[in-house]
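Colleague: Please take one buried spot in this structure and go through it closely. Tell me what surrounds it, and give the cut-offs as you go.

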Amino acid sequence: MKKLGVALIALSALSVAAASAAQGKTDWDKIVLEDKSGNVMTSTGGDYQTAPLGKQLVIGEYMLLGDATKAKVVYYELDDDGKVVSKCVKDYTDPNTYIIDAVCTPGAAWANGGAISGTKMGLIIGAGVVGAVLINENGTDDEGSISNAGRNL
């Protein structure tokens, strides 16, 4: 049982480390307004202007969404030839003023053009193994059920 506990702790630590690594990605090569409905406006400190589809956004730029306005911003990592290595999608659906930052959220990072990286696959397999172990745990080290424990007085 102790070996199982150590294995589960190690697997959990690896999962947390992989998730935090994905969360900390800040070196995107370009950030683009890929899709919108309604009037999305942006500003780098001056007046707000309507942002066209395909507009390349910069870190620190303000994006204003009004009522019933939605925007999809895509963060791209490119190789030396300009081909997409990975991407992360952020959907903005609430009316508000947003600041474009360098970090794309982990939940959105799972959308990687349909591909699954080794880290993501490891997280999926690891979660499945932990779940299977917990489901199949017989509890043979128990000293009896809770209902019988107080009767031996």
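Modeller: What follows starts from one residue and works outward.

This is a predicted model, in which local features need pLDDT of at least 70 and side-chain atom pairs count only at pLDDT 80 or more, while totals for chains, interfaces and linings use all residues. Residues are numbered from 1 along each chain as its sequence is written, and side-chain values use heavy atoms, leaving out hydrogens and water.

The residue is M63. It sits in strand β5, residues 62-65. Strands are DSSP runs of E with at least two residues, helices are runs of H or I with at least four, and both are numbered from the N terminus. M63 counts as buried because its relative accessibility is 0%. Buried means under 20% relative accessible area, exposed means over 50%, and partly exposed lies in between, with a 1.4 Å probe and protein chains only.

Next, its neighbours. Contact means heavy atoms within 4.5 Å. Leaving out residues up to four places away in sequence, M63 touches V40, M41, T42, A71, V73, Y92, N96, T97, Y98 and I100. The C-alpha atom of M63 is also 6.2 Å from that of I99, although the two residues are 36 apart along the chain.

Now the sheet that holds β5. Two strands pair if DSSP finds at least two bridges between them. Four strands make an open antiparallel sheet in the order β3-β2-β5-β8. Its edges are β3 (49-50) and β8, each pairing on one side only. β2 (residues 41-43) and β5 run antiparallel, with 3 bridges between them. Y62 of β5 stands opposite S43.

M63 also belongs to the largest nonpolar core. Such a core is a set of buried Ala, Val, Leu, Ile, Met, Phe, Trp, Tyr and Cys residues joined through side-chain atoms within 4.5 Å. The largest one has 16 residues, and M63, V73, Y75 and Y92 touch the most other members. At least two residues of this core come from each of β1 (30-37), β5, β6 and β7. β6 gives the largest share, 3 residues. In soluble globular proteins, nonpolar side chains tend to be buried together.

The strands behind that core pair as well. β6 (residues 70-78) and β7 (residues 84-92) are antiparallel, joined by 8 bridges. V73 faces K90 of β7. The hairpin of β6 and β7 has 5 residues between the strands, and G82 there takes a positive phi near 85 degrees. β6 also pairs with β1, antiparallel, over 7 bridges. K30 has Y76 of β6 as its bridge partner. β1 and β4 (residues 56-57) run antiparallel with 2 bridges, and I31 is partnered by L57 of β4.

In the loop between β5 and β6 lies T69. T69 is buried, because its relative accessibility is 5%. Apart from residues within four places in sequence, its contacts are S37, G38, N39, V40, Y92 and T93.

Last, the covalent link. A disulfide is a pair of cysteine sulfur atoms within 2.5 Å. The count is 1. It joins C88 and C104, whose sulfur atoms are 1.9 Å apart. The torsion about their S-S bond is about -80 degrees, so this disulfide is left-handed. C88 lies in β7 and C104 in the loop between β8 (96-99) and α2 (106-109), 16 residues apart. Both C88 and C104 are buried.
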